[in-house]
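Colleague: I should like to understand how the terms used for this structure are justified. May I put some questions to you?

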Amino acid sequence: MITATETKLPRINMPLPGPKAKEVIEYDKKFISPSLFREYPLVAHRGYGAIIEDPDGNTFLDFAAGIAVCSTGHCHPHVVQAIQKQAAELIHIAGTDFYHRHMPQLAERLVATMPKSHHYKVFFGNSGTEAVEGAIKLARYATRRDKLIAFYGCFHGRTLGSLSLTASKNTQRKYFGTLLGGVEHIPFPYAYRCALGHTKETCGGEIIELLEEQILKRLFAPEEVAAIIVEPIQGEGGFIPAPAFFLQELQRICNKHGIMLILDEVQSGVGRTGKMWAYDHAGITPDIVLTAKGIGSGMPISAFIAKESVMQWKPGSHGTTYGGNPVCIASAMATLDLIEGGLMANAQKMGEYIFGKINDWPSRFKIVGDVRGKGLMIGVEIVRDQRTKEKAPDLRDKVIVGAFHRGLLTLESGENSIRISPPLIIDEEQADCAIRIMEESIREAEKSL
Ligand SMILES: Cc1ncc(COP(=O)(O)O)c(C=O)c1O
């Protein structure tokens, strides 16, 4: 519902950042850790639907959604109402020490989204990295093994355990010293850059062979490996989907050796790809699934969902003060109402709509190398030369910054890709507007070739 003071489309009234936005940026510089990376000077004042308004009254179409978090859009009335109602009733009690009905209620709904062949149980946390940390601990506890296998390009978080898995950008690891031992990384199937020329459906067979014939024979005995952790679509790595067969092969190897298969759905989950979980496209049955971001519509909540046979640890072995906070759960319950009540279907529909209009970008624009993804998780890879596929992070940045100045928010992903991850509520008019702005920004960036 748009009120009289609201809009569905961007409106930029001045050169950016405006005077009030500038004030906030200066204020921030004085007090906030410089480790945060802001790609362009957006200052958010309020949000509604797919719109962010800055303090100077400029409105932006948000195709970043707070890093794929605001799945239901900004401040969806159903979510806001649920948060307000719960905040007036019970804000916190510490589920690690006491019972409250909210945790099993949300857990039951999450378990209902899992494969029916197994019963699953849930542990709630506050952030994606916490879900990863908990999953590492659970996999080690359940298997009594400690080795972990992850993928180049993956991002699983920035705390020391999850950072040991993360292999996205070396600035994320530099100077942080020795991380967890016993972690091995292997390549992720990346069809656009596949040395063997495989397609998006077939890329990765040689990685499976590497895993079975080299890693599990020469480095780690399979009976020492606790888990393989994988993003079904690499998020920070460039919005790169793993082919279905690849995930199925990982499942086969894990089943064969009693290794836990952990699906990190922190960015790809909760309806964004047109199914509840991106791994649903491959029809597999993971041992542990991680969720955060889109599940809470902006409230800090995460969970790992594990087969009951796996989640057998003793009381006291894992806990948290805030995880499963009733207000965050209220937000997640309302989010699921909306996702299951139509937004997941809209993500599928709008994803197809957008792909239908941008799939041919590589033939229309010299600097677009690849367009890929599923549903509303769409990556656009920018190159200097389509023939050599030379990565062009500078041109990518120009496109993103150009889009910002025209009123569209997107984010970078990987070395040279743009991520398009709008709220799942967008309609055709908003998609058309975003596509038009992207095309103008690409055209402008091309001029500097
Ligand atoms: C796939 C994936 N896992 C884990 C994380 C870490 O989540 P958080 O930033 O909430 O700790 C992220 C964050 O971008 C992510 O994309």
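Colleague: How do the residues of the shell around the ligand divide into nonpolar, polar and charged?

Modeller: In this predicted model, the shell holds 5 nonpolar, 7 polar and 3 charged residues. Gly is counted as polar under the rule applied.

Colleague: What makes a residue part of that shell, and which are the closest to the ligand?

Modeller: The C-beta atom of the residue must lie within 6 Å of the ligand. The ligand is surrounded by 15 residues, and Ser127, Gly128, Thr129, Val266 and Gln267 are the closest. Helix α5, residues 128-143, supplies the largest share of the shell, with 3 residues.

Colleague: How do you know that the size of the protein agrees with a compact globule?

Modeller: For 449 residues, such a globule would have a radius of gyration near 22 Å; the protein has 22 Å, and therefore the two agree. The C-alpha trace spans about 60 × 60 × 45 Å along its principal axes.

Colleague: What share of the residues is called buried?

Modeller: A residue needs 20 or more other C-beta atoms within 10 Å of its own, and 52% of the 449 residues are buried.

Colleague: Why are β1 and β16 said to stand at the edges of their sheet?

Modeller: The sheet is open, with mixed pairing, and its order is β1-β2-β3-β16. β1 (46-48) and β16 (408-409) each have a single partner strand, so one side of each lacks a neighbour in the sheet.

Colleague: What makes β3 and β16 a pair?

Modeller: Pairing requires at least two bridges. Strand β3, residues 59-62, is joined to β16 by 2 bridges, and the two run parallel; therefore they count as paired. Leu61 has Leu408 as its bridge partner in β16.

Definitions and conventions. Residues numbered from 1 in each chain as written. Predicted model: local features only at pLDDT ≥ 70, side-chain atom pairs only at ≥ 80, totals over all residues. Rg over C-alpha atoms; globule rule 2.2 N^0.38 Å. Buried ≥ 20, exposed ≤ 12 C-beta atoms within 10 Å, placed from the backbone. Helix = DSSP H or I, 4+ residues; strand = E, 2+ residues; numbered from the N terminus.
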